[in-house]
Amino acid sequence: MLTAEIAGKEVIGSEGDTLGKVIDTQFDEKNWRVLALEVHLEKEVAEEHQLRHRLRKTLVMVSVEHIQAVGDKVVLKGSREDLLKLMASSAAIEPE
């Protein structure tokens with residue numbers, strides 16, 4: 001699968017809760033591997049965990065260590081609550 005094919009995929013927790021959509025990937029060119037996915041959080045998900053930016057997208061990086069599977073959707077390891085605690089502990093990134 002090409003990294004461009006991952007962009008736009010829905011991101012869900014292991015229990016099927018929608019978190020957002022993949023916007024981009026963080027790629028290690030030296031070792032030729034994807035390190036993380038840049039995810040645009042759903043508005044209500046970002047608001048629920050005080051991560052929402054006004055007037056711009058709320059983006060978070062999700063390490064590939066937290067990905068269970070990639071198919072029609074990106075399935076993350078853990079429940080929505082577990083993953084959002086992890087995302088909240090790392091700062092939301094600023095869009096370029």
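## The β2–β3 hairpin and its aromatic pair

Strands β2 and β3 form a hairpin with four residues between them, and in its turn tryptophan 32 has a positive phi of about 55°. In this model, which is predicted, β2 spans residues 18–28 and β3 spans residues 33–41, and the two strands pair in the antiparallel sense over eight bridges. Within that pairing, phenylalanine 27 stands opposite valine 34 in β3.

The count of aromatic pairs comes to one. That pair is formed by phenylalanine 27 and tryptophan 32, whose rings are arranged edge-to-face, with 5.8 Å from centre to centre and 85° between the planes. The angle is over 60 degrees, and therefore the pair counts as edge-to-face rather than as stacked or tilted. As for solvent exposure, phenylalanine 27 is partly exposed, with a relative accessible area of 34%, whereas tryptophan 32 is exposed, with a value of 69%.

## Overall composition

The protein contains three helices and six strands, which follow the pattern α-β-β-β-α-β-β-β-α when read along the sequence. Of its 96 residues, 34% count as buried, and the surface that the protein exposes amounts to about 6100 Å², of which carbon and sulfur atoms supply 47%.

Among the contacts in the protein with a separation of 6 or more, 46% are accounted for by residues that are 24 or more positions apart.

## The six-stranded sheet

The six strands make up an open sheet in the order β4-β3-β2-β1-β6-β5, with mixed pairing. Strands β4 (residues 59–63) and β5 (residues 67–70) stand at the edges, and because each has a single partner strand, one side of each is left without a neighbour in the sheet. From one strand to the next, the twist averages 35°.

At one of these edges, β5 is joined by three bridges to β6, which covers residues 74–76, and the two strands run antiparallel. Isoleucine 67 stands opposite leucine 76 in β6.

## The β1–β2 hairpin and valine 11

Strand β1, made of residues 10–12, pairs with β2 over three bridges, again in the antiparallel sense. The hairpin of β1 and β2 has five residues between the strands, and glycine 16 takes a positive phi near 95° there.

Valine 11 stands opposite glycine 20 in β2. When its neighbours within four places in sequence are left aside, valine 11 is in contact with Asp17, Thr18, Leu19, Gly20, Lys21 and Val22, and also with Val39, Val74 and Leu76.

## The largest nonpolar core

The largest nonpolar core has 15 residues, and those with the most contacts inside it are Val11, Leu37, Val39, Val74 and Leu76. The elements that give two or more residues to this core are β2, β3, the helix α2 (residues 43–48), β4 and β6. Strand β3 gives the most, with three residues.

Valine 11 links this core to the pairing described above, since Val39, Val74 and Leu76 are among its contacts and are likewise listed with Val11 among the core residues that have the most contacts. Leucine 76 also belongs to the sheet picture, where isoleucine 67 stands opposite this residue.

Note on methods
Residues are numbered from 1 along each chain as its sequence is written. This is a predicted model: local features need pLDDT of at least 70, side-chain atom pairs count only at pLDDT 80 or more; totals for chains, interfaces and linings use all residues. Side-chain values use heavy atoms; hydrogens and water are left out. Two strands pair if DSSP finds at least two bridges between them. Axes are lines fitted to C-alpha atoms, for helices over the stretch in contact, and angles run from 0 to 180 degrees between N-to-C directions. Rings of Phe, Tyr and Trp (its six-membered ring) pair if their centres lie within 6.5 Å; planes under 30 degrees apart count as stacked, over 60 as edge-to-face and the rest as tilted. Buried means under 20% relative accessible area, exposed over 50%, partly exposed in between (1.4 Å probe, protein chains only). A nonpolar core is a set of buried Ala, Val, Leu, Ile, Met, Phe, Trp, Tyr and Cys residues joined through side-chain atoms within 4.5 Å. Contact means heavy atoms within 4.5 Å. Accessible areas come from the Shrake-Rupley method with a 1.4 Å probe; for residues, only the protein chains shown count as cover.
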